[in-house]
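The exercises below are meant to be worked with the coordinates open, and each is followed by a solution that goes step by step.

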Amino acid sequence: MNTSLRVFFVGGGISYRALFNWINPGIYIPTMLGAPLFQILFFTYLGRYAGSQDDAFFIVGNSIQVAAMSGIYGMTMGIANERQYGTLQPLLATPANRLAIFTGRALPFVLNGLFVSAFGFAVSWLLLDFHPAPGSVPALALAVLVTTCSCVSLGMLIGSIGLRARDVFFGANLVYFLMLLVCGVNVAPDDLPGWLAAIGKCLPLTHGIEAAREIASGSPLGDVAGLLWTEAFIGLAYATAAYGLFRLFETEGRRRASLETY
Amino acid sequence: MSARLFWMGWLFHLKTLTNSLFFVLVSVLQPIIFASIAFFMVESGSRSGTLLYVALGAGLMGIWSATLFGSGGAIQWQRWQGTLELMVGAPPPFVAVLLPLTVATSTIGIYSVVATLAWGRIFFGAPLDFVHPGELFVALPATILSLGMLGLLLASTFILYRNANAFSNLLEYPVWLATGLLVPLTLLPGWVEPIGWVLSPTWGMRAIREAAFGGNAWPEIALCVGLGLVYVALGAIALRNFERLARSRATLSLT
């Protein structure tokens, strides 16, 4: 196998197992499955109380947003924990292709996010009587995939910042919670003040969730292609910025001999 | 001696927690974000006139989060910091050393209430007209104290679970739901309500709402404090068991 491909797949898999603190079933089940389940229930019932939207609005929004748990927290750990665990220097001492090292880490978290999101939709189907339009599931899966990838890109950016910042998990937590507010997860962008909605439009999730809601209500994939392309481009922009920061901090860290200093 | 121990411990842990960015997030920023979501939802929905209800509920959600994360992992955190042996080895009973810590975790939740009320008032025009302000000034500290006592029970039982922090992640939303902090229990399945009866935030929230919107808050305050005393009794038993096992197996500092 080509060396870079091996670094991408094998290296990505190993880093996922080594750096993702929540992989232990005792943590994974309550955090990655239990918490999303109750998040979906909480906001759906809050929505029923407020009377602002129907159940499907909250189910689709939150079932996709929970993928950000893997994308934001997981990806942040997948990059920033190299520094935390003291493995950043040996990693960067290798001649391995940096793009393969960096992007290979994303793949397991994309798959993880898809799984968590699928779990969210499944429990909503089971507990909240959520039945998307027949035939919409493949398109819905595509929307979830694109959105999860863009969330992982944002996680890459936060993780890259973690190669320099002192407490990156504060930022990761803040971003995760802000996404609940500004990305149309629980409040329609039209109901937000213009400046908050504008922030949401620059973040992953917003366009993907909007597309998924339209798909779930019966729109064909072609009608939401623009939204999904926008979501994909936003993800690409974050991934590019993340890789740029990663290389910048590597160069700076070498120059100042400060790769693992806090 | 005991009062001084409680006061000094509470003050020390309160200052320590206030310096933690994580607890600033949990007790100030997170409640503001959740309150904003709820404000926008009720504004765009059919529940106008419930902004104060939402602000108080979101504030109590913050108190629960601070207690859950602060107390649930209290023993584990002391263990990681290498201070657990000192706490257990100190002359006073371990429960008397730990209780100020857990009450401090619920006390920083007061930032949540202040933050959500101020946020609601400034940005959403939530009215701060409390019908019985005197009762509110009793109900709020009683709720915080009772949650701190619940924190003691959490601290003493979560230690049995290796990944206590993950368990804390799991319990945040369910208790928000089961205690009716934002969503009235009448909207939830009938079997949820009895769960709320044994959780002091249920009675604390009811007491605060009775005080704020008019009603008799004293029975709920009494229930809230009474439940707190039960938590302390149960927590003391669990802690004694934990301490005995840890000493006999020499596992006090092992994670």
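**Exercise 1.** In which segment of chain A does A:A257 lie? Determine also its phi and its burial class.

*Solution.* The model is predicted, and every value used here is computed from it. As a first step, place the residue: A:A257 lies in the segment after α12 of chain A. Next, read the backbone: A:A257 has a positive phi of about 55° although it is not a glycine. That deserves a remark, since most residues other than glycine have a negative phi. Finally, count neighbours: A:A257 has 8 C-beta neighbours inside 10 Å and therefore counts as exposed, the cut-off for that class being 12 or fewer.

**Exercise 2.** Test whether the length of helix α12 of chain A agrees with its number of residues, then list its buried residues and some of what covers them.

*Solution.* Helix α12(A) comprises residues 225-256, that is 32 residues, which at 1.5 Å a residue should span 46 Å. The end C-alpha atoms of α12(A) are 46 Å apart, so the expected and the computed span agree. Turning to burial, the buried residues of this helix are A:L227, A:L228, A:E231, A:I234, A:G235, A:Y238, A:A239, A:A242, A:L245, A:F246 and A:F249. Their cover includes α6 (98-104), α8 (137-161) and α11 (206-216) of chain A.

**Exercise 3.** Repeat the analysis for helix α7 of chain A, and characterise A:D129, which follows this helix.

*Solution.* For the 22 residues of α7(A), residues 106-127, the expected span is 32 Å, and because the end C-alpha atoms are 31 Å apart, the two values agree. The buried residues of α7(A) are A:A106, A:P108, A:F109, A:V110, A:N112, A:G113, A:V116, A:S117, A:G120, A:F121 and A:S124. What covers them includes α1 (3-19), α2 (25-50), α3 (55-65), α4 (67-84), α6 and α8 of chain A. A:D129 lies in the loop between α7 and α8 of chain A, and its phi is near 60°, a positive value in a residue other than glycine. With 10 C-beta neighbours inside 10 Å, A:D129 counts as exposed.

**Exercise 4.** Is A:G162 buried or exposed, and which residues beyond its neighbours within four places in sequence are in contact with it?

*Solution.* A:G162 lies in the loop between α8 and α9 (168-182) of chain A. The neighbour count of A:G162 is 26 C-beta atoms inside 10 Å, so this residue counts as buried, for which 20 or more are needed. Leaving aside neighbours within four places in sequence, A:G162 is in contact with A:T76, A:I79, A:A80, A:R83 and A:V168. For one of these pairs a distance can be added: the C-alpha atoms of A:G162 and A:I79 are separated by 7.6 Å, although the two residues are 83 residues apart along the chain.

**Exercise 5.** Describe how helices α2 and α3 of chain B pack against helix α7 of chain B.

*Solution.* Two packed helices are described by the angle between their axes and the distance between the axes. The axes of α2(B), residues 21-44, and α7(B), residues 110-124, come within 9 Å and cross at roughly 40°. That angle makes α2(B) oblique to α7(B), and the crossing is right-handed. In this contact B:S27, B:V28, B:P31, B:I32, B:A35 and B:F39 of α2(B) meet residues of α7(B), including B:Y111, B:A115 and B:W119. The contact of α2(B) with α7(B) has 9 nonpolar, 4 polar and no charged residues.

For α3(B), residues 51-72, the angle to α7(B) is about 150° and the axes are 7 Å apart; α3(B) and α7(B) are therefore roughly antiparallel to each other. Here too the crossing is right-handed. B:L51, B:A55, B:A58, B:G59, B:G62, B:I63 and B:A66 in α3(B) meet B:S112, B:V113, B:T116, B:L117, B:G120 and B:F124 in α7(B). By class, the residues of the contact of α3(B) with α7(B) are 8 nonpolar, 5 polar and no charged.

Key. Residues are numbered from 1 along each chain as its sequence is written. Chains are lettered from A and ligands numbered from 1 in the order in which they are written. This is a predicted model: local features need pLDDT of at least 70, side-chain atom pairs count only at pLDDT 80 or more; totals for chains, interfaces and linings use all residues. Axes are lines fitted to C-alpha atoms, for helices over the stretch in contact, and angles run from 0 to 180 degrees between N-to-C directions. Helices (H or I, at least four residues) and strands (E, at least two) are DSSP runs, numbered from the N terminus. Angles under 35 degrees count as roughly parallel, over 145 as roughly antiparallel, 65 to 115 as roughly perpendicular and the rest as oblique. A crossing is left-handed if the near helix is turned anticlockwise from the far one by less than a right angle, and right-handed if clockwise. Two residues are in contact if their C-beta atoms, placed from the backbone, lie within 7 Å. Ala, Val, Leu, Ile, Met, Phe, Trp, Tyr, Cys and Pro count as nonpolar, Asp, Glu, Lys and Arg as charged, and the others, Gly among them, as polar. The expected span of a helix is 1.5 Å times one less than its number of residues.
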